[in-house]
Amino acid sequence: HDSKLRNKALRLHVESLSSTASEPVIVVVRHEKGVLSWQLPLIVQLSGGDRISEYRSVNRTLCPIDDYDLTPAETKKSQDREFLTISVSTAYMTDTLFSLLVYYQEDYIVGMNETRTFDVTPAAPQYFEFHFPDDLDIVLLSVNSPDKLCMTVSV
């Protein structure tokens, strides 16, 4: 355990090209402060409601452990060790291939007047962290996209 890594976000990439809607691959990620789960393919209803898109490759971000409000006992425990448990399963009777990659997300923390360029999809949302300078309580967030598709930006 390296305490310098406590403020780094983890990115998970899971892919299963052979997964199907009727025989999905289920991914469950347990970490110190919660559980995150999804299935492959990730099925997203497209605008209009009658079409769907299936994603067999999904990315998720786990926020740094230092971003959680920990009790003093939890803080002591998390300084000793951190854990991440990833379960991948399916009810399909035949072996199902999948790949799993866990890595530190670079450029997770955004500073004042910094620009980020990135792609997003329903299967690969992006998360960033911003710390307000002591002398500011308001900032302007500007988002540009070449697409005319609907997108949600949460702050």
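The exercises below work through the strands, two loop residues and the aromatic rings of a predicted protein model.

Residues are numbered from 1 along each chain as its sequence is written, and side-chain values use heavy atoms, with hydrogens and water left out. Because the model is predicted, local features need pLDDT of at least 70 and side-chain atom pairs count only at pLDDT 80 or more, while totals for chains, interfaces and linings use all residues.

**Exercise 1. Overall make-up**

Task: State how many helices and strands the protein has, and in which pattern they follow along the sequence.

Solution. Step one is to count the elements, where helices (H or I, at least four residues) and strands (E, at least two) are DSSP runs numbered from the N terminus; the protein has 1 helix and 10 strands. Step two is to read along the sequence, which gives the pattern β-β-β-β-β-β-α-β-β-β-β. Step three turns to burial, for which buried means under 20% relative accessible area, exposed over 50%, and partly exposed in between (1.4 Å probe, protein chains only); of the 155 residues, 23% count as buried. Step four takes contacts, meaning heavy atoms within 4.5 Å: among those between residues at least 6 apart in sequence, 62% join residues at least 24 apart.

**Exercise 2. The sheet that contains β1**

Task: Give the order of the strands in the open sheet, and explain why one side of β6 and of β8 is left without a neighbour in the sheet.

Solution. Strands of a sheet pair through backbone hydrogen bonds, either parallel or antiparallel, and two strands are taken as paired if DSSP finds at least two bridges between them. Here 3 strands form an open sheet in the order β6-β1-β8, with antiparallel pairing. Because β6 (57–62) and β8 (99–104) stand at the edges with a single partner strand each, one side of each is left without a neighbour in the sheet. Neighbouring strands of this sheet are turned by 15° against each other on average, direction ignored, where axes are lines fitted to C-alpha atoms, for helices over the stretch in contact, and angles run from 0 to 180 degrees between N-to-C directions.

The next step is to follow the individual pairings. Strand β1 (residues 10–15) pairs with β8 over 6 bridges, with Glu15 having Ser99 as its bridge partner and Leu12 standing opposite Val102. Towards β6, strand β1 likewise pairs over 6 bridges, and His13 has Asn59 as its partner there. Since 5 of its 6 residues are buried, β1 is largely enclosed by the rest of the structure.

**Exercise 3. A hairpin and two residues of a loop**

Task: Which strands does the hairpin join, and is Ser19 buried or exposed?

Solution. The hairpin joins β2 to β3 through 2 residues. Strand β2 (residues 25–31) and strand β3 (residues 34–40) run antiparallel and are joined by 7 bridges, one of which can be followed from Val29 to its partner Leu36 in β3.

Ser19 lies in the loop between β1 and β2, and its relative accessible area of 2% makes it buried. The backbone oxygen of Ser16 lies 2.8 Å from a polar atom of the Ser19 side chain, and that side chain also reaches the backbone oxygen of Leu40 at 3.4 Å; a polar contact is a pair of N or O atoms within 3.5 Å, where within protein one must be able to donate a hydrogen and the other to accept it, and residues adjacent in sequence count only if both atoms are side-chain atoms. Leaving aside neighbours within four places in sequence, Ser19 is in contact with Val25, Leu40, Pro41 and Arg56.

Ala21 lies in the loop between β1 and β2 too, but at 39% relative accessibility Ala21 counts as partly exposed. With the same exclusion of neighbours within four places, Ala21 is in contact with Pro41, Ile43 and Glu54.

**Exercise 4. Aromatic rings**

Task: How many aromatic pairs does a search of the whole structure find, and why is the pair of Phe130 and Phe132 called edge-to-face?

Solution. Rings of Phe, Tyr and Trp (its six-membered ring) pair if their centres lie within 6.5 Å, and planes under 30 degrees apart count as stacked, over 60 as edge-to-face and the rest as tilted. The search finds 2 aromatic pairs. Phe118 and Phe128 form a tilted pair, at 4.9 Å centre to centre with 50° between the planes. Phe118 is partly exposed at 40% relative accessibility, as is Phe128 at 31%. The rings of Phe130 and Phe132 have their centres 5.2 Å apart and their planes at 80°, so this pair is edge-to-face.
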